[in-house]
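Here is my note on the two-chain model, as numbered points. Please keep the structure open while reading.

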Amino acid sequence: MKNSEKKDAAKMGKEPVPGKGLLGRRALLRGALLSAGAAAASVGIAQADDSIGANAPEWMKTPGRSFSPYGTPSKWQEKVQRTIANPPGRPGTGVSRTPLQRLEGTITPAGLHFERHHNGVPDIDPSQHELLIHGMVKRPLAFSTDVLARYPMETHIRFIECSGNSGGYNQAQPPQATSGELNGLLSGSEWTGVRLATLLNEAGVAPGAKWVIAEGADAAAMSRSIPLEKCMDDAMIALFQNGEAIRPEQGYPMRLLLPGFEGNMNVKWIRRLNVTDVPVDARDETSHYTELMPGGKARQFMFPMGAKSLILKPSFGMNLQGPGWYEISGLAWSGAGRIAKVEVSKDAGKTWELAALNAPVLPMALTRFRLPWDWKGQPSTLMSRATDETGDVQPSRADWVAQFVPGQGYHFNGIQAWGIEADGTVKNVYA
Amino acid sequence: MSMLKIGVLCSAVALCLFPAVCGAQGPNLGRALTPEEIRKADITVWPDGRGLPPGSGSVSAGAAVYARNCEVCHGAKGAGKPQDQLTGGVGTLASAKPVKTSASYWPAATTLFDYIRRAMPIASPQSLTNDEVYAVTAYLLSIDGIVPPDAVLDAKSLPRVKMPNKDGFVSWWPKPLR
């Protein structure tokens, strides 16, 4: 092939072919068709092949693919997936966990937000769906999806964490699993919707009302008792997540968002708010999401998630590749407000140093912390400890576990530790 | 704008000096609900019996409902496997090996009725009649002797059933974070 033909082929694009092929079949064919004319044009011009394509990667020498109506992640990122766990024969019941250790920043892609369903994801026609507000109100009202879209909206970045997140830390031996598998019932999003107080004010809450029973339109009709105080404060009927309509897995067309409160109360597919004077003792606030203590009594209505942090880099499955510089990085959050500080220990809690917090540090939102580390190759135990703006400090695992009976895993916010061995292997350790 | 309208607007503004507390002023676009619409949508049952429908069910009728709809997942007599254990474990909560079941742990019998009626059986939720829900509730409670074998439950008798762990819960709201 002559130089000019090679250039033509380069312009048209070499398609990567399996095996050791240099040119795509289409490029070869087109090159052959054009070669006669190209050869004529280059008569008398002998030159070396100094086209810069010889030094360029394939994707600079061929036009990329065309547009797509809705983008998807790179095929090279195919391992970035939720981890699904559900009981045999119960495809709609269980969880999928966010792969936290494979993500950066503080916003979870909507398609990787953790899921907890009690009987599958309903396929709700938004034109058939209404939010009902009734009970101890002056004017019982229904709000369609279209009507809510006309209301004044707010946008807030908030985390949602399942009450059962990190429950595996109640086990006697540290589970050897990735941070996402251990802690991935946690996600952060930008939520947009209507302040619930706006709707409750229109309905006119009657004197004596103290609770609101929230109910979803799923096949479990999931229901929870919510303090009226929270509903009148920062609760939201969320319609959008990260700029797009909420995904079906997250409650399409609308969900309740209770910043900082345990995930289960953020009722998805919200269809009804019953304003009342007492909690209802729903199955999911008695059988589940209660905390049994030694002696037989159980805590009920543990709503806000405690101050918590975890190190994602490095973590299990991400072994260090020899001594040198690394960045220790992770997430911190609190259901009570902003993160005030995150301390990191490299020596199992003997000494602590402050990590840098990435701005903005928002209330009830995931906060990214970072600390550079020059690892000399010695065995090390990495820990992180969060303190929120109310002064709540993440407890040690031992102190946390001592409050409850063995196996109680709700609201775990104890300090976590990664053991780094001399060869760089990262293991989950209790320290 | 009339003086009256301005006056209304001013008072609305005055009432809502702290929008973070009371919410933004809404455009009042909600549709008024009729009592009949509320009756059809409201499926919540309270521990004091509010929300319980007419109807009744006996232990013996409940055994048949259970065999037909529940046993495949919850085992004979609610013993569990493959899904949750519903019976047994009464008196174990303070022991070294607490067994949490509907019988041993749930504080209110009405929660059984409310949950079964809204969410069970899992393959066809909200398909049981009110009589069937009363009956299967009675059957489950009879297995641990919480109600007698000849019990018939209805809107009056169900809220009176005293669950073994009625006083086992400590409200953590409102309380500061630990």
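1. Leaving aside its neighbours within four places in sequence, which residues is Ile237(A) in contact with? The model is predicted, and in it the list runs as follows. Ile237(A) contacts Leu131(A) and Leu148(A). It also contacts Gly193(A), Val194(A), Leu196(A) and Leu199(A). Met254(A), Leu256(A) and Ile270(A) complete the set.

2. Ile237(A) belongs to the largest nonpolar core, which has 92 residues. Together with Ile133(A), Val136(B) and Ala138(B), Ile237(A) touches the most other members. Both chains are thus named in this core. Its largest share comes from helix H8 of chain B, residues 130–143, with nine residues. Another core lies apart from it and has 34 residues. Phe114(A), Leu186(A), Ile328(A) and Val342(A) are among them. As general background, nonpolar side chains in soluble globular proteins tend to be buried together.

3. Two of the contacts of Ile237(A), Leu196(A) and Leu199(A), sit in helix H5 of chain A. This helix spans residues 196–203 and is mostly covered, with eight of its eight residues buried. The buried set is not purely hydrocarbon in name: Thr198(A), Asn201(A) and Glu202(A) are included. So are Ala197(A), Leu200(A) and Ala203(A). Just after H5(A), Gly204(A) takes a positive phi of about 80°.

4. Now the chains in turn. Chain A has seven helices and 24 strands. Of its 431 residues, 47% are buried. Take the contacts in chain A between residues at least 6 apart in sequence: 70% join residues at least 24 apart.

5. Chain B has eight helices and four strands. From the N terminus on, its elements run α-α-β-α-β-α-α-α-α-α-β-β. Of its 178 residues, 37% count as buried. For contacts in chain B between residues at least 6 apart in sequence, 59% join residues at least 24 apart.

6. How many residues of chain B are in contact with chain A? There are 43, and they meet 51 residues of chain A. Several elements of chain B give two or more residues to this side. They are strand E1 (31–32), helix H3 (35–41), helix H6 (102–105), helix H7 (109–119) and strand E4 (169–171). H7(B) gives the most, with five residues. By type, the side of chain B that touches chain A divides into 28 nonpolar, nine polar and six charged residues.

7. Strand pairing also crosses between the chains. Strand E5 of chain A, residues 141–144, pairs with E1(B) in the antiparallel sense over two bridges. Ala142(A) stands opposite Arg31(B) there.

8. A second pairing site is an open sheet of three strands, in the order E14(A)-E15(A)-E4(B), with mixed pairing. Why is one side of E14(A) and of E4(B) left without a neighbour in the sheet? Both stand at the edges, each with a single partner strand, so one side of each has no neighbour in the sheet. E14(A) and E15(A), residues 298–300, pair in the antiparallel sense over two bridges. In that pair Leu292(A) stands opposite Ala298(A).

9. The domain assignment splits chain A into domain 1 (3–60), domain 2 (86–299) and domain 3 (308–429). The C-alpha centres of domains 2 and 3 of chain A lie 27 Å apart. In contact across this boundary are 29 residues of domain 2 and 32 residues of domain 3. On the domain 2 side, strand E6 (154–161), helix H4 (179–183) and E14 of chain A each give two or more residues. E6(A) supplies the largest share, three residues. The domain 2 side divides into 13 nonpolar, 14 polar and two charged residues.

10. A caution on confidence. Chain A averages a pLDDT of 91, and 89% of the residues score at least 70. Over residues 1–41 of chain A, however, the pLDDT is below 50. Beyond near neighbours in sequence, this stretch still has 43 contacts in the model. Where pLDDT is low, the predicted coordinates should not be read in detail.

Methods: Residues numbered from 1 in each chain as written. Chains lettered and ligands numbered in written order. Core = buried A, V, L, I, M, F, W, Y, C linked by C-beta atoms within 7 Å. Buried ≥ 20, exposed ≤ 12 C-beta atoms within 10 Å, placed from the backbone. Contact = placed C-beta atoms within 7 Å. Nonpolar A, V, L, I, M, F, W, Y, C, P; charged D, E, K, R; others polar. Pairing = 2+ DSSP bridges. Domains from an automatic or database assignment. pLDDT = per-residue confidence, 0-100.
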